[in-house]
Amino acid sequence: MDTIWSMLSDPNMQWIFLGCTLLGISSGVIGCFSYLRKQSLMGDTLAHAALPGICIAFMLTGVKSIGLFLIGAGLSGLIATFGIGYITRNSKLKQDAAMGIVLSGFFGLGIVLLTLIQHGDYGNQAGLDKFLFGQAASMIASDVITMTIVCGLLITVCTLLFKQFKIISFDPGFARGIGYPVAFLEQLLMLLIVVAVVAGIQAVGVVLVAALLITPAVSARYWTDRLGLMVVLSGLFGAASGAAGTWISASVSNLPTGPVTVLAATLLFGLSVLFGPTRGLLAKRLMRQRVKQRFIRESEPLVKGSVKKEAAL
Amino acid sequence: MSDFWILLTGSLVAACCGILGVFLVLRKMAMIGDAISHSVMPGIVIAFLLSGSRDSLLMMFAALLFGLLTTFLIQMFQQSGIQADASIGVVFTALFAIGVVLVSLYARQVHLDQDAILYGEIAYVHWNLWVLGGINMGPKAVWLLGFTLLVITTVIGLFYKQFKLCAFDTALAAAIGIPVAFFHYLLMGLVSMATVSSFESVGAILVVGMLIIPASTAYLLTDRLGVMIGLSVAAGIASTFLGYGAAVVLDASIAGCMVCAASFLFVAAFLFSPSQGIIVKKLRLRQLA
C-alpha cells in the first residue's frame with residue numbers, strides 16, 4: 001500500500017482525489033436535507049433508476065462521457081420520481097411499495113439493457129459495468145472536471161438557498177404560508193439529489209451511492225441540533241469518506257471504490273453513535289449514571305428519616 | 001430440458017417471494033425487504049469462504065443470521081431516534097459494502113463473482129446437479145428452493161391467523177397477546193431464507209423485484225388476503241414465463257427480463273384493475289358525469 005503522499009504526487013490521482021472529496025462534500029450537504037425531509041431512501045431509488053438512463057445514453061451515442069450519462073440518468077431519475085408520486089397518489093399502494101417497484105423495475109430494465117449492450121456490437125463498451133460498484137481510478141481528467149463543476153454547482157445552490165431549504169425541511173406549511181414557491185423548491189431539491197447521485201455513480205457505483213447521501217447526514221445528526229453545523233459536519237464526513245475510499249481502493253488492486261467509501265462512512269457513523277455528545281450511547285450511559293447517583297444522594301436522607309421514624313415507633 | 005428447469009426454478013422463486021412479498025407490502029415494509037435482500041450478501045460470502053461450496057445449509061444459516069442482524073440493527077437505530085428509512089439505508093449499504101469488499105478481495109481464490117450475485121445465473125441452473133448415490137436428482141437449486149417453499153408454506157400456514165392480524169392491525173395483535181416482535185423476526189427470517197435460496201437464480205438485487213412487484217400487482221386486484229397471496233404467486237409465475245420468453249428473444253439477462261415482465265404486469269394492473277385501475281376509474285367518472 002502506498003502512502004497517501006506518494007499517491008498525491010501523481011497529478012492524475014490529485015484530480016480524482018479532489019473529485020471524490022468534492023463529491024463527498026456535496027452529497028453530504030444535500031443528504032442532510034433529504035434526511036430531514038424523511039426521503040433518505042429516495043437517493044437509493046434514484047441511483048438504481050439511473051442505470052437504464054446511462055445505458056440508453058450509451059446506446060444512442062456510443063460514447064462514454066459523464067456529461068451524456070448525467071443527462072440520461074437525470075432524465076430517467078426524473079421519470080422515476082414522477083412514477084413514484086403518480087403510483088402513491090393514484091392507488092392504495094404506500095410510498096415504500098411504490099419506491100420498491102420503481103427501484104427494482106428500473107434496475108431490472110437497466111440490467112437487461114446492460115446485457116444487450118454486452119451481447120450487441122457496441123464498440124468500446126468495456127467498463128460500463130464499472131458503474132455498478134464504481135471505479136474512481138478509471139476516471140479520466142475530463143470526467144473529473146465535469147464532476148468538480150457539478151459538485152461546485154450543487155454546493156453553491158445549497159449555500160444560496162440555505163434559508164429556503166431549511167424552512168421546507170422543517171415546516172413546509174409555514175413556507176407556503178409566507179409565500180415561498182414550495183412545490184418548485186421541492187422539485188429543485190429533488191433535482192439536486194438526482195444530480196448528486198448521478199455525479200457519484202462513476203466513483204461509488206449505482207448500488208451504493210445512496211449511502212453517501214444517507215450515512216454522513218445521519219452521523220452528523222448525532223453531533224448537533226443546528227442545521228448549519230449539521231450540514232457542515234455532514235459535508236466533512238462525506239469528504240473524509242470519499243477521500244479514504246479513493247485512497248484505499250486505488251492502492252489495493254481489484255477493490256471497487258464504492259464499498260470502501262461506504263465502509264469509511266459507516267465507520268464514522270459508528271463513532272458518532274458511540275461518542276455523540278448528547279445522543280451517543282456513551283453520553284446516554286453517563287447521563288443515566290449521573291441521574292441514578294443524584295437520585296440515591298437525594299433520597300438518602302428520606303430513607304434515613306423513615307428508618308428513624310420506624311425506630312421511634 | 002434446460003428450459004423446463006429454468007422455468008421451474010423461476011416459478012419456485014416467484015412462489016417463495018410472492019407469498020412473503022404480500023406481508024411485506026401490507027406491513028409497509030417493502031424497503032426492509034430490499035434491505036434484507038442486499039444485506040444477506042456478507043453472510044453468503046462468508047459461508048462460501050468457509051465451506052467452499054455454493055449450496056450448503058451453512059450458507060442458508062449465515063444468510064438467516066445476517067437477515068436477522070439487519071432487522072435487529074434497523075430496529076435498534078430506529079429506537080435510538082434515527083428515522084426509519086435512514087436507519088434502513090445506513091444498515092443495508094454498510095452490510096452490502098462488506099459483502100462486495102469480501103468478494104473483490106477473495107475473488108481470485110473462490111468461484112464467486114459479483115455478476116453472479118448481482119444478476120444470478122439462472123441459465124446455468126441445470127448444470128449444477130445433485131447426485132445422490134449415483135442417481136441424478138435434478139438441479140440443486142430446485143431442491144433448495146423447494147425446501148424453502150416448504151418451510152415458508154408450513155410456517156405461514158400454521159400461523160396464518162397471527163400473520164394476518166399482525167399485517168393489518170399490529171396494535172390489536174399485541175393487545176390480545178400475540179408476540180408481535182416474534183412474528184416480525186420470523187417473517188424477516190423467512191425473507192432472508194427466500195433471498196439466499198433465490199440469489200443464485202435471480203441475484204441479490206432483483207430478488208426485491210420478485211418480492212415487491214407481484215405482491216403489489218395482487219394488492220391492486222383484490223381486497224382479500226388469501227386471494228392476494230394466490231394472485232401474487234400467479235403474477236410471479238406469469239412474469240417468469242413472460243420474462244424467460246423475452247430473454248430468449250432478446251438475448252438478454254433472464255433475471256432482468258423477469259423483473260421487467262413483472263413490472264409490465266404491474267403497469268397493466270395499475271391501469272386496468274377492475275376496482276383500482278386508473279382507466280377503469282376514469283371511465284366510471286365519465287359514466288357518472
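Leaving aside neighbours within four places in sequence, Gln83(B) is in contact with three residues of the other chain, namely Tyr35(A), Lys38(A) and Ser40(A), where contact means that the C-beta atoms of two residues, placed from the backbone, lie within 7 Å. Gln83(B) sits in the loop between helix 4 (57-79) and helix 5 (84-106) of chain B; helices here are DSSP runs of H or I with at least four residues, strands are runs of E with at least two, and both are numbered from the N terminus. With 20 other C-beta atoms within 10 Å, Gln83(B) is buried, a class that requires 20 or more such atoms within 10 Å of the residue's own C-beta, whereas 12 or fewer make a residue exposed and the values in between make it partly exposed, again with C-beta atoms placed from the backbone. The C-alpha atom of Gln83(B) is separated by 43 Å from that of Leu288(B), which is 205 residues away along the chain.

The model is a predicted one, in which local features need pLDDT of at least 70 and side-chain atom pairs count only at pLDDT 80 or more, while totals for chains, interfaces and linings use all residues. Residues are numbered from 1 along each chain as its sequence is written, and chains are lettered from A and ligands numbered from 1 in the order in which they are written.

One of the partners of Gln83(B) is Lys38(A), which lies in the loop between helix 2 and helix 3 of chain A. Its phi is near 55°, a positive value in a residue other than glycine, and Lys38(A) is partly exposed, having 14 other C-beta atoms within 10 Å. Chain B also holds a residue of this kind: Lys28(B), not a glycine, has a positive phi of about 55°. Lys28(B) is placed in the loop between helix 1 (2-26) and helix 2 (30-39) of chain B, and with 15 C-beta neighbours inside 10 Å it counts as partly exposed.

Helix 2 of chain A, which Lys38(A) follows, covers residues 11-36, and its 26 residues reach 38 Å from the first C-alpha to the last, close to the 38 Å expected at 1.5 Å a residue, the expected span being 1.5 Å times one less than the number of residues. Because 20 of its 26 residues are buried, helix 2 of chain A is largely enclosed by the rest of the structure. The axes of helix 2 and helix 12 (residues 227-251) of chain A come within 7 Å and cross at roughly 145°; such axes are lines fitted to C-alpha atoms, for helices over the stretch in contact, and the angles run from 0 to 180 degrees between N-to-C directions. By class, the contact of helix 2 with helix 12 of chain A has 14 nonpolar, 12 polar and no charged residues, where Ala, Val, Leu, Ile, Met, Phe, Trp, Tyr, Cys and Pro count as nonpolar, Asp, Glu, Lys and Arg as charged, and the others, Gly among them, as polar.

Between the two chains, 45 residues of chain A are in contact with 48 residues of chain B. On the side of chain A that touches chain B, helix 5 of chain A gives the most, with 16 residues, and by class this side has 27 nonpolar, 12 polar and 6 charged residues. From chain B, Tyr219(B) touches Leu93(A) as well as Val25(B) and Met228(B), not counting residues up to four places away in sequence. Tyr219(B) belongs to helix 11 (residues 207-221) of chain B and is buried, with 25 other C-beta atoms within 10 Å.

Turning to the chains as wholes, chain A has 14 helices and 0 strands, while chain B has 14 helices and 2 strands. Buried residues make up 51% of the 313 residues in chain A, and of the 289 residues of chain B 54% count as buried. The C-alpha atoms of chain A fill a box of roughly 100 × 55 × 35 Å, taken along the principal axes.

Chain A is assigned domain 1 (4-277) and domain 2 (280-313), with bounds that come from an automatic or database domain assignment. The C-alpha centres of these two domains of chain A lie 51 Å apart, and 7 residues of domain 1 are in contact with 4 residues of domain 2.
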